[in-house]
Amino acid sequence: MAYDGPYSIDPLVASFLDRAPALFIDGGFVASDGTATIAVHDPSSGKVIAHVPDATPADVDKAVCSADTAFQDGRWRHMRPADRERILMRFAELVVERGEAFAQLETLEQGKGIAISRMFEVGASSEWMRFVAGMTTKITGRTFDTSLPGGPQHWTTYTRREPVGVVAGIAPWNFPMMIGLWKVMPALAAGCSVVLKPSEVTPLTALMLAEMAIQAGVPAGVFNVVTGFGAGAGTALTSHPKVAKISFTGSTATGKAIGRSAMDQMKRLTLELGGKNPAIVLKDADLAKVIPGLMAGGFLNGGQVCAAASRVYVEALLYDDLVGALSAAISGMSVGAGMDANAQVNPLVSAAQQAKVLSYLDDARSQGADLVTGAAVPDQGYFVSPTLVLNPAESLKLTREEVFGPVLGITKVASADEALQRANDSALGLGASLWTSNLDAAMNLTQRMEAGTIWVNAHVFIDPAMPFGGYKQSGIGRDFGVDWLEAYTETKSICISH
Ligand code: NDP
């Protein structure tokens with residue numbers, strides 16, 4: 001459908017929306033087997049900008065079979081690693097060449113600021129793409145001197161790492177393009193085929209990515225996209241017997257459900273789940289670093305970030321100054337659509353997410369919590385004003401649950417030990433930060449904080465070289481880093497007697 005919003009958009013975005021996005025199976029767009037569609041909304045206005053198919057189980061089966069055929073006949077995994085690497089590097093170049101179109105499409109469907117789309121969804125994603133593409137030529141095994149009968153001179157034993165098979169990638173709506181690529185790229189680098197199901201709220205950039213992959217030279221069938229709801233298409237995909245591995249990012253509840261059903265067929269799993277991420281601010285911290293750090297850590301992408309700071313524990317000496325500075329910062333933010341490059345407070349992704357975040361705030365208000373609200377937001381669109389909750393009581397829902405919105409709890413504590421105890425008192429353990437200028441405290445607390453990533457004097461920075469994933473119920477496995485492809489390969493031991 002033609003775009004009729006108030007912003008002038010890139011011609012590639014206009015033509016993409018005009019073409020009525022369909023499923024991407026076996027190298028091209030195909031119509032769904034069914035007739036149901038899903039409306040995609042511009043979160044800044046609530047207006048519909050596109051419709052995508054609600055894939056039926058038959059559609060999902062077609063996509064998985066296409067991926068499986070491509071895997072079995074070896075059109076991708078038997079290609080020379082240097083050629084696969086070149087194609088994946090070209091894929092990254094095409095994403096950069098069309099960067100403005102990708103950024104705009106992401107902002108239109110997801111709501112985030114265009115600068116964030118340019119910086120993360122396109123800029124950072126392309127760096128991740130190149131990092132993983134380079135791994136294609138570095139997949140190795142090991143050799144062993146065994147103690148088998150006759151001695152090692154009569155045996156040659158070694159391991160090979162082989163692609164696991166068809167990968168189901170399930171991506172959420174907070175960073176649809178970047179997180180989608182975190183599923184697709186390692187799968188492709190390892191030699192797997194992949195079927196990606198983006199969130200039904202933000203399905204568009206995944207479809208454009210699949211088109212780019214084919215243009216870059218990825219063979220038909222190796223990268224497929226099905227759009228649909230989690231309960232329908234998502235379940236059909238993750239339970240499909242030809243899917244060997246599931247890579248899921250989303251809520252802990254859905255991750256557990258997927259994990260349980262995956263065990264039936266012993267599918268391989270990577271789960272990147274929710275966080276309730278603490279930030280510990282010690283009395284010797286430099287507030288000139290803490291304030292911008294927590295503004296970014298807490299409010300980037302409207303707080304819709306799995307590793308976002310959501311619980312701040314600050315030593316009493318700095319409490320008043322910290323609350324004063326953060327209150328001033330949130331009240332001075334400009335509000336508007338993501339396409340408005342000057343707007344710092346952008347809409348949340350959907351009416352449902354807006355309602356969910358507001359319900360946490362209503363619960364807090366009804367229990368008499370002390371709330372500091374930031375800049376006023378319009379009625380139209382899915383906006384929520386950035387909000388501080390001062391010394392939130394344990395009984396508030398937002399104290400323990402992942403809010404996934406622009407809400408930062410700030411609690412005054414008497415000591416570093418109290419901060420540590422409260423920070424670790426969570427079933428989740430994705431990320432955590434520590435703010436201090438005391439090296440001894442940093443060395444001590446980073447070892448005792450329970451999270452997959454600990455930042456010191458920073459929050460939410462991630463890099464392809466640095467493994468990322470959760471302690472406790474924040475997930476299973478790690479993304480990124482030099483061992484990333486292990487999660488997309490099987491180790492085969494080969495033992496030759498001679
Ligand atoms: P979900 O975890 O339900 O959804 C994440 C993805 O999984 C979506 O693509 C969804 O599809 C899909 N999905 C849902 N159910 C299934 C299933 N049974 N089988 C396969 N795929 C499935 O998150 P929501 O979008 O409902 O968001 C709810 C909350 O989750 C948020 O408020 C936030 O707290 C948290 N969240 C955490 C994220 C993170 O990065 N850790 C990311 C997103 C959300 P569909 O959207 O079509 O239902």
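## Salt bridge within helix α14

Arg422 and Glu418 sit four residues apart, about one turn of the helix, and both belong to helix α14 (residues 416-424). In this predicted model, the two residues form a salt bridge whose closest N and O atoms are 3.0 Å apart. Arg422 counts as partly exposed, at 23% relative accessibility. Glu418 is partly exposed as well, with a relative accessible area of 23%.

A separate group of residues, Arg80, Asp83 and Arg86, is joined into one network by salt bridges that share partners.

## Other salt bridges

Within that network, Arg80 pairs with Asp83, and the closest N and O atoms of this salt bridge are 3.1 Å apart. The partners differ in burial class: Arg80 is exposed, with a relative accessible area of 53%, whereas Asp83 is buried, with a relative accessible area of 18%. The cut-off for buried is under 20% relative accessible area, and that for exposed is over 50%.

The count of salt bridges in the model comes to 20. One of them links the side chains of Asp68 and Lys242, at 4.0 Å from N to O. Asp68 is in helix α2 (residues 57-72) and Lys242 in the loop between α8 (230-238) and β10 (243-249), so this pair ties together parts that lie 174 residues apart in sequence. Asp68 counts as buried at 13% relative accessibility, while Lys242 is partly exposed, with a relative accessible area of 40%.

## Helix pair α3 and α5

Helix α3 (residues 81-97) and helix α5 (residues 114-135) have axes that come within 9 Å and cross at roughly 175°. The two helices are therefore roughly antiparallel, since angles over 145 degrees are put in that class. On the α3 side the contact is made by Glu85, Leu88, Met89, Phe91, Ala92, Val95 and Val96. On the α5 side the residues are Val122, Ser126, Met129, Arg130, Ala133 and Gly134. By class, this contact has nine nonpolar, two polar and two charged residues.

## Helix pair α4 and α7

The axes of helix α4 (residues 99-110) and helix α7 (residues 204-216) also come within 9 Å, and they cross at roughly 155°. That angle makes α4 roughly antiparallel to α7. Helix α4 contributes Ala101, Phe102, Leu105, Glu106 and Glu109 to the contact, and helix α7 contributes Leu204, Thr205, Met208, Leu209 and Met212. Sorted by class, these are seven nonpolar, one polar and two charged residues.

## Three-stranded sheet

Three strands form an open sheet in the order β5-β6-β22, with antiparallel pairing. The edges are β5 (143-144) and β22 (489-497); each has a single partner strand, so one side of each is left without a neighbour in the sheet. Strand β5 is joined to strand β6 (residues 155-163) by two bridges, and these strands run antiparallel. Phe144 stands opposite Thr157 in β6.

## Seven-stranded sheet

An open sheet of seven strands has the order β14-β15-β16-β13-β12-β18-β19, and its pairing is mixed. At its edges stand β14 (370-373) and β19 (453-456), each with a single partner strand, so each has one side without a neighbour in the sheet. From one strand to the next, the twist averages 20°. Helix α11 (residues 316-331) packs on this sheet and touches β12 (277-281), β13, β14, β15 and β16. The direction of helix α11 makes about 160° with that of β16. Helix α12 (residues 351-366) also packs on the sheet, touching β14, β15 and β16, and its direction makes about 135° with that of β14.

Strand β16 (residues 407-413) is mostly covered, with six of its seven residues buried. Strand β13 (residues 309-315) pairs with β16 in the parallel sense over five bridges, and Val314 stands opposite Lys412 in β16. Strand β15 (residues 387-390) pairs with β16 in the parallel sense over four bridges. Leu388 stands opposite Leu408 in β16, and the bridge partner of Leu390 in β16 is Ile410.

Technical notes: Residues numbered from 1 in each chain as written. Predicted model: local features only at pLDDT ≥ 70, side-chain atom pairs only at ≥ 80, totals over all residues. Heavy atoms only, no water. Axes fitted to C-alpha atoms, helices over the stretch in contact; angles between N-to-C directions. Parallel < 35°, antiparallel > 145°, perpendicular 65-115°, else oblique. Contact = heavy atoms within 4.5 Å. Nonpolar A, V, L, I, M, F, W, Y, C, P; charged D, E, K, R; others polar. Buried < 20%, exposed > 50% of the residue type's maximum accessible area, 1.4 Å probe, protein only. Pairing = 2+ DSSP bridges.
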